[in-house]
Amino acid sequence: DSSSSEQQQSILVTGGAGFIGTHTVLQLLRGGFRVTIIDNLSNSVPEAVDRVRDLAGPALSRNLQFYLGDLRNKEDLEKVFSETRYDAVIHFAGLKAVGESVAKPLLYYNNNLIGTINLYEFMGKYGCKKMVFSSSATVYGQPEKIPCVEDFELRAMNPYGRTKLFLEEIARDIQKADPEWRIIHLRYFNPVGAHETGHIGEDPKGIPNNLMPYIQQVAVGRLPELNVYGYDYPTKDGTAIRDYIHVMDLADGHIAALRKLFATEDIGCVAYNLGTGHGTSVLEMVAAFEKESGKKIPIKLCPRRPGDATAVYASTEKAEKELGWRAQYDIEDMCSDQWNWASNNPYGYQPQP
Ligand code: NAD
Ligand code: WQD
């Protein structure tokens, strides 16, 4: 019986205290998996993991263990791998701020590349050769055609993007050298939203770089207005178009990817887009958020942000066909869940100052 054997499966989740990690860990626990998180809390807080435990309840929480550790530190990895045997790894841990990566390329190459290379080394050493890796639509650069299809040529626009591109290439080499490896690269488009309870969500440090957390902070009064970067793009309303995807859809995409890995001996190293296949403009997103929250979001029209593409959205065919997964939530759901999280937690996991 597959459900009882699945209960025995144990997953290492790196970066499990972060935005996508917390939502995925919750779905893993609910799916009957045992979960070990390793996170250095460089971009997250222990409270986020406590909230996952609250949502999972006491019984399922017994299946969750947390290690404070850094993937760049081999002693931390030795401890995590020697104490538990894992059936697979979901690897979220990494730095992700595009602008910061331009200013601090070495920090990004050090953290994302060294951390991941160490992780592969320990997975190999302990015979755990199944990996689900957080890649990104950033590997499509500024796509010449849309929707983005997985076999497009890859390119990157900044050091952050290059870490994802290089790590995809490294994984392909690792798998080629040892065909026992099974590796799935999930290329996320623009993750937004929060768990429907509003108990967990995204909590960026400092002033947000990304659209939805910025809108959220305007809505709760932490920031005065939204800068809309570019209103002269060749799009329906002049603003740029992205494929926003609900974080709970992403979480479920990881479960689908794990199932695929366990079921497919010869999967090799393969990439799947996780997006909705629908494009939404900045102004459409603002309007949807205003409708769901009942809050006015003042905007200021600004010049384009350097490096931004006009329109990016996913082809979802491959994930639908091979993973049996497709996004369930629409833009309204994303905005209402984001607002539920924001209004219950205007300062994220921190107490109101
Ligand atoms: P996040 O920052 O919320 O989560 C990443 C977690 O990894 C954090 O908790 C951080 O403390 C931890 N971490 C970072 N470096 C570490 C290290 N060396 N050792 C141990 N832990 C470390 O980010 P997220 O939005 O949840 O993103 C998760 C992954 O998905 C990242 O790899 C990111 O690049 C990728 N991704 C994110 C987006 C997005 O827009 N959120 C889009 C595409 C891809
Ligand atoms: C979306 C749109 C902005 C903020 C980034 C990374 C990408 C991936 C997802 C990790 C753009 C506009 C934004 C603001 C605005 N991350 N915007 N005002 O740039 O599509 O993707 O996150 O892998 O690699 O590059 O997302 O949310 O920053 O921007 O007008 O204050 O909103 O110009 O058109 P992006 P974003």
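Q: Quick one before we start: how are helices and strands numbered in this model?
A: Helices and strands are DSSP runs, with at least four residues for a helix and at least two for a strand, and they are numbered from the N terminus. Keep in mind that this is a predicted model.

Q: Got it. So where is L41 found?
A: L41 sits in the loop that runs between strand 2 (34-39) and helix 3 (46-61).

Q: What is phi of L41 like, positive or negative?
A: Phi of L41 is positive, near 60 degrees, and L41 is a residue other than glycine.

Q: Let's look at the ligands. Which residues come closest to ligand 1?
A: The closest are D39, N43, S44, K96 and Y160, out of 28 residues that surround ligand 1.

Q: What does the side chain of K96 do there, in terms of distances?
A: An N or O atom in the K96 side chain is 2.7 Å from an oxygen atom of ligand 1. The side chain of K164 also has an N or O atom facing an oxygen atom of ligand 1, this time at 2.9 Å. For D70, the partner is a nitrogen atom of ligand 1, which lies 3.1 Å from a polar side-chain atom of D70.

Q: And how much of ligand 1 does the protein bury?
A: The protein buries 95% of ligand 1, taking the 820 Å² that the ligand exposes alone as the starting point.

Q: Which elements give two or more residues to the shell around ligand 1?
A: Those elements are helix 2 (19-30), strand 5 (130-136) and helix 7 (159-177). Strand 5 gives the most, with three residues.

Q: How do the residues of that shell around ligand 1 divide by class?
A: The shell around ligand 1 has twelve polar residues, eleven nonpolar ones and five charged ones.

Q: Since strand 5 came up, what lies in the loop between strand 5 and helix 7?
A: P147 is in that loop. The peptide bond that joins I146 and P147 is cis, with omega at about 0 degrees.

Q: Over to ligand 2, then. Which residues come nearest to ligand 2?
A: S136, Y160, N227, R242 and D308 come nearest, among the 19 residues around ligand 2.

Q: How far is the side chain of D308 from an oxygen atom of ligand 2?
A: An N or O atom in the D308 side chain is 2.6 Å from an oxygen atom of ligand 2. For the S136 side chain, the distance from an N or O atom to an oxygen atom of ligand 2 is 2.7 Å. With Y229, a backbone N or O atom is the partner, and it lies 2.9 Å from an oxygen atom of ligand 2.

Q: How much of the accessible area of ligand 2 does the protein cover?
A: Ligand 2 has 680 Å² of accessible area on its own, and the protein covers 88% of that.

Q: Which element gives the largest share of the shell around ligand 2?
A: Strand 8 does, with four residues. Helix 8 (211-219) and strand 8 (226-229) each supply at least two residues of this shell. By class, the shell around ligand 2 has ten nonpolar residues, six polar ones and three charged ones.

Q: Changing topic: how many cavities of 30 Å³ or more are there?
A: The count comes to one cavity of 30 Å³ or more. The largest cavity has a volume of about 50 Å³.

Q: Which residues line the largest cavity?
A: Its lining is made by E202, D203, P204, P213, Q216, Q217, R222, P346 and G348. By class, that lining has three charged, three polar and three nonpolar residues.

Q: What about the second largest pocket, how much space lies in there?
A: About 230 Å³. The second largest pocket is lined by 16 residues, and T276, H278, A327, Y329 and D330 lie nearest its centre. Helix 11 (317-323) and helix 12 (331-344) each supply at least two residues of the lining.

Q: Last one: which residues does UniProt list for the NAD(P)-binding domain?
A: An unreviewed UniProt entry lists residues 12-337 for "domain: NAD(P)-binding". That span is 42% helix and 17% strand, and its end C-alpha atoms lie 27 Å apart.

Technical notes: Residues numbered from 1 in each chain as written. Chains lettered and ligands numbered in written order. Predicted model: local features only at pLDDT ≥ 70, side-chain atom pairs only at ≥ 80, totals over all residues. Heavy atoms only, no water. 1 Å grid on protein atoms, 1.4 Å probe; cavity = no way out; pocket = protein on both sides within 12 Å on 5 of 7 lines; lining within 4 Å. Points joined across faces, edges and corners; volume = space filled by probe spheres on them. Nonpolar A, V, L, I, M, F, W, Y, C, P; charged D, E, K, R; others polar. Near = heavy atom within 4 Å. Polar contact = N/O pair within 3.5 Å; in protein donor to acceptor, adjacent residues only side chain to side chain. Areas by Shrake-Rupley, 256 points an atom, 1.4 Å probe, with all protein chains shown as cover. UniProt positions renumbered as here; feature names shortened; annotations may be inferred.
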